Structures are given as structure tokens and as C-alpha cells.
Amino acid sequence: MINLVLSPDKLNKYSICPTLYDYETNGRYAPLFAGKETYLDEGSIMHKGLQVYYTAKMEGRPIDVTTIQELMRNHAAESGDLPVEKLEEVCADFAMYCQY
């Protein structure tokens, strides 16, 4: 007879997906992305830039992409710990969006 002791966390993982639980438990699973997911932070920063961009556009004010990118950088500094490389990618994507 085997006694099996599981923590509530392990039971929860097993109830969600027994296969994933097996992979994680038996060491046959390696996550594709080991770091923190950044897509929510990236989306929040892009959303802030687009909000400022379209507000200025609707009000007929001149749009300075560089100033909006600085606002995006400030928003990122206040709201989270997004890596600088990711932040610069978001700012570059924003600038490309504004060119179209």
C-alpha cells in the first residue's frame, strides 16, 4: 500500500489538468517561457500611448510621437517592472503604428 500526500496546490493543479500535473511532477515538462509574462504590461503601455494619441487627434491638437513615447516610458516606470528591451519594442511599435 502506498501513501500519497498531496498539497492543496498539487490537488488543484491535478484537477485542472491531470496531464500537465504529470509532466510537471515527473520532470518531463519545461515551460516555454521561464520569465514573467510581460504581455499585459506591454498592452497597458501601448493602450496608454494610443489613448493619448487619439485624444489629441480628436481634439485637433498636434501629435508629437516622441512626447507620447516619453509618456509611455513614464507610465511603464510607474506601473510595473517591464524590461527596458520590451519597453523600447513597444515604443517602436507605437511609432510604426503612428506612421500609418
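**Figure 1. Who touches whom along the chain?** Take contacts in the protein chain between residues at least 6 apart in sequence: 55% of them join residues at least 24 apart. Keep in mind that what you're looking at is a predicted model. The protein chain has five helices and zero strands, and reading from the N terminus on, its elements go α-α-α-α-α. Out of the 100 residues in the protein chain, 18% count as buried.

**Figure 2. Zooming in on helices α1 and α2.** Here you can see α1, made of residues 8–16, meeting α2, made of residues 18–25. Their axes come within 5 Å and cross at roughly 130°. That's an angle between 115 and 145 degrees, so α1 and α2 are oblique to each other. Which residues do the touching? On the α1 side, look for Lys10, Lys13, Tyr14 and Ile16; on the α2 side, find Pro18, Tyr21 and Glu24. Sort the residues of this contact by class and you get four nonpolar, three charged and no polar ones.

**Figure 3. Zooming in on helices α3 and α4.** Next up are α3 (residues 39–59) and α4 (residues 65–79), whose axes are 9 Å apart and which pack at an angle of about 145°. What is the handedness of the crossing of α3 and α4? It's right-handed. From α3, the residues Ser44, Ile45, Met46, Lys48, Gly49, Val52 and Tyr53 join in, and they meet Ile68, Leu71, Met72, His75 and Ala76 from α4. By class, this contact of α3 with α4 has eight nonpolar residues, three polar and one charged.

**Figure 4. A look inside the largest nonpolar core.** Nonpolar side chains tend to be buried together in soluble globular proteins. In this model, the largest nonpolar core has twelve residues, including Ile45, Met46, Tyr53, Phe94 and Cys98. The elements giving two or more residues to this core are α3, α4 and α5, the last covering 84–99. Which of them gives the most? That's α5, with five residues. For a single member, pick out alanine 76: not counting residues up to four places away in sequence, alanine 76 touches Ile45 and Leu87.

**Figure 5. Threonine 38, a loop residue.** You'll find threonine 38 in the loop between α2 and α3. Is threonine 38 buried or exposed? With a relative accessible area of 11%, which is under the 20% cut-off, threonine 38 is buried. If you skip residues up to four places away in sequence, threonine 38 touches Leu82, Pro83 and Lys86.

**Figure 6. Isoleucine 63 and its contacts.** This one sits in the loop between α3 and α4. Isoleucine 63 has a relative accessible area of 32%, so it counts as partly exposed. Leaving aside neighbours within four places in sequence, isoleucine 63 is in contact with Tyr53, Ala56, Lys57 and Ile68. Now find cysteine 98: isoleucine 63 and cysteine 98 are 35 residues apart in sequence, with 9.4 Å between them in space, C-alpha to C-alpha.

**Figure 7. Tyrosine 97 on helix α5.** The last close-up shows tyrosine 97, which lies in helix α5. Its relative accessible area is 39%, so tyrosine 97 is partly exposed. Which residues is tyrosine 97 in contact with, leaving aside its neighbours within four places in sequence? They're Leu50 and Tyr54. Along the chain, tyrosine 97 and leucine 50 are 47 residues apart, and their C-alpha atoms are separated by 9.4 Å.

Definitions and conventions:
Residues numbered from 1 in each chain as written. Predicted model: local features only at pLDDT ≥ 70, side-chain atom pairs only at ≥ 80, totals over all residues. Heavy atoms only, no water. Axes fitted to C-alpha atoms, helices over the stretch in contact; angles between N-to-C directions. Helix = DSSP H or I, 4+ residues; strand = E, 2+ residues; numbered from the N terminus. Parallel < 35°, antiparallel > 145°, perpendicular 65-115°, else oblique. Contact = heavy atoms within 4.5 Å. Nonpolar A, V, L, I, M, F, W, Y, C, P; charged D, E, K, R; others polar. Left-handed = near helix turned anticlockwise from the far one by under 90°. Buried < 20%, exposed > 50% of the residue type's maximum accessible area, 1.4 Å probe, protein only. Core = buried A, V, L, I, M, F, W, Y, C linked by side-chain atoms within 4.5 Å.
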